[in-house]
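Trainee: Could you take me through one part of this model closely, beginning at the metal site and working outward from there? I would like one connected account that I can follow on screen.

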Amino acid sequence: MKLLHLGDLHIGKSVNDYHMIEDQEYILEQILSIVEKREIDAVLIAGDVYDKTIPSEEAVRVLDHFLCRLAQMQRKTYLISGNHDSDERLHFGSALFEARGIYIASKYEGTLYRQTLEDAYGEIHFYLLPFVKASQVKHFFPEEKIDSYEQAVSVILRHAGIRETERNILVAHQFVTGGKEEPVFGGSENMTVRHVGNVEKIRADVLEGFDYVALGHLHAPQKVGKETIRYAGSPLKYSFSEIQNEKSVPVVTIREKGTVEIELVPLRPLRDMRHLKGRMEQLLDPKNVQDPEDFIYVTLTEETPVLDAMTILRQYYPRTLKLDYENSHTQANVQPDLAEEMQEKSFQELISAFYEMMYGCAIDEEELRVALEAAGEAGVAGEAG
Ligand SMILES: [Mn+2]
């Protein structure tokens, strides 16, 4: 049996106010053609289907089209909710969709959702675990100790009646860590994901018994501890910190119990996301301007700011979304502990330090006089000093 693993679609997402919907439609079409060409039997979607709990109309239209196409192609779809999804809204129609091979688990209600398929090697069980917090699981098992997400997930699995001698697949949306290895963040996960506490972390050992675990939550593709427990990663770069992050989809071939093969099939976006660094004239030299439709982050190296830089850049790269500078001023820029500095220093000391930080040299007498005068008028500093 061949599975295709997806996660963190975030349909409807914008990056720096730019709507990604066209790029998302494009990548989902590409995924459909991979499903067709590689003769995939089932598609696993490991949560964060939508970007928002109330998705936009166009986001709903895009998911609707994707699921309909999979049903038309007679492939099974297993879908769970992530922390970005609304349990109730994603649940809509799920009982009807089952008749067409689309299985959705968006709410944990005391039993782990299971659906079974059959192939030449026998039965294969798909367990769908929607995103759960310890507090959501606790009241189903009053006799168990559940204070962490790890305890919650192990209790759920222990009560799921999993037959370890058969083939079992788990789809989940949680923060799973693999012992010594540090997780790799894509950068577009929200802050609560990246600053996760120990209560939310689940050791990969807990998921040991499965033949394959299809995870969602982290946006950089990666295995966790072992090859068969992995994050597919988001199908597109959703943040400038993901520029180096090559996106792919795992295609998982499962034969008899214990035989699992994984191939990462690369995804080619409609528009890539790139970082350009240099002087304006170098960047805009016709021989350097390539793929102007891409999403661009520009770092200019001029010592003084270029007037209307964004407007100029957008004439060449209309999707320039971010601009900053790297020069002697920014390199000398050390981040002081402002609160502490403010308390201990006079206005004169503060403005002198600020000037030095911005321009890399000491403020002169005349400039200091003007600054103090302005501060006095603004009521920021009563007396000079
Ligand atoms: Mn996500």
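Mentor: Aspartate 8 is a good place to start: its relative accessible area is 0%, so it counts as buried. Please keep in mind that this is a predicted model. Histidine 10 is buried as well, at 1% relative accessible area. Both belong to the manganese site, where the protein donors are Asp8 (OD), His10 (NE2), Asp48 (OD) and His219 (NE2), at 2.1 to 2.4 Å from the ion. Written as a sequence pattern, the spacing of these donor residues is D-x1-H-x37-D-x170-H.

From His10 you can step to tyrosine 50, since His10 is among the residues that tyrosine 50 contacts when neighbours within four places in sequence are set aside. The other contacts on that list are Ile11, Pro55, Ala59, Val60, Leu63, His84, Asp85 and Leu90. Tyrosine 50 sits in the loop between strand 4 (42–46) and helix 2 (57–72). With a relative accessible area of 10%, tyrosine 50 is buried. Its C-alpha atom is 9.8 Å from that of asparagine 83, a residue 33 places away along the chain.

Now follow the chain back from that loop into strand 4. 5 of the 5 residues of strand 4 are buried, so the strand is largely enclosed by the rest of the structure. Ala42, Leu44 and Ala46 point one way from strand 4, while Val43 and Ile45 point the other way, and all are buried. Strand 4 runs parallel to strand 1 (residues 2–6), with 4 bridges joining the two. In that pairing, leucine 6 has isoleucine 45 as its bridge partner in strand 4. Strand 4 also runs parallel to strand 5 (residues 76–80), here with 5 bridges. Alanine 42 stands opposite lysine 76 of strand 5.

Two backbone details are worth a check in your torsion plot. Glutamate 39, in the loop between helix 1 (21–37) and strand 4, has a positive phi near 50 degrees without being a glycine. Glutamate 39 is exposed, with 60% relative accessible area. Asparagine 16 is another non-glycine residue with a positive phi, about 45 degrees. You will find asparagine 16 in the loop between strand 2 (14–15) and strand 3 (18–19), and at 42% relative accessible area asparagine 16 is partly exposed.

Next, look at the aromatic rings. A search of the whole structure turns up 7 aromatic pairs. One of them joins tyrosine 108 and phenylalanine 140: the ring centres are 5.5 Å apart and the planes meet at 90 degrees, so the pair is edge-to-face. Tyrosine 108 belongs to the loop between strand 6 (102–105) and strand 7 (113–119), and phenylalanine 140 to the loop between helix 5 (134–138) and helix 6 (149–158), so the pair ties together parts 32 residues apart in sequence. Tyrosine 108 is buried, at 11% relative accessible area, whereas phenylalanine 140 is partly exposed, at 29%.

Phenylalanine 240 and tyrosine 297 have ring centres 5.4 Å apart and planes at 50 degrees, so this pair is tilted. Phenylalanine 240 lies in the loop between strand 14 (226–231) and strand 15 (248–254) and tyrosine 297 in strand 18 (residues 295–300), so this pair ties together parts that are 57 residues apart in sequence. Phenylalanine 240 is buried, at 13% relative accessible area, and tyrosine 297 is buried too, at 12%. Lysine 322 lies over the face of tyrosine 297, 4.5 Å from the ring centre. Ring pairs also link Tyr78, Tyr103 and Phe126 into a cluster.

Tyrosine 297 brings us to the sheet that holds strand 18. This is an open sheet of 3 strands in the order 17-18-19, with parallel pairing. Strand 17 (273–278) and strand 19 (320–325) are its edge strands, each pairing on one side only. From one strand to the next, the twist averages 15 degrees. Strand 17 and strand 18 run parallel and are joined by 6 bridges, and lysine 277 has threonine 299 as its bridge partner in strand 18. Helix 9 (residues 309–316) packs on this sheet, touching strand 18 and strand 19, and its direction makes about 135 degrees with that of strand 19.

How values were computed
Residues are numbered from 1 along each chain as its sequence is written. This is a predicted model: local features need pLDDT of at least 70, side-chain atom pairs count only at pLDDT 80 or more; totals for chains, interfaces and linings use all residues. Side-chain values use heavy atoms; hydrogens and water are left out. Donors are N, O and S atoms within 2.8 Å of the metal (3.2 Å for Na, K and Ca); water is not among the atoms, so sites may look incomplete. Buried means under 20% relative accessible area, exposed over 50%, partly exposed in between (1.4 Å probe, protein chains only). Rings of Phe, Tyr and Trp (its six-membered ring) pair if their centres lie within 6.5 Å; planes under 30 degrees apart count as stacked, over 60 as edge-to-face and the rest as tilted. A charge sits over a ring if NZ of Lys or CZ of Arg is within 6 Å of the ring centre and within 35 degrees of the ring normal. Contact means heavy atoms within 4.5 Å. Two strands pair if DSSP finds at least two bridges between them. Axes are lines fitted to C-alpha atoms, for helices over the stretch in contact, and angles run from 0 to 180 degrees between N-to-C directions.
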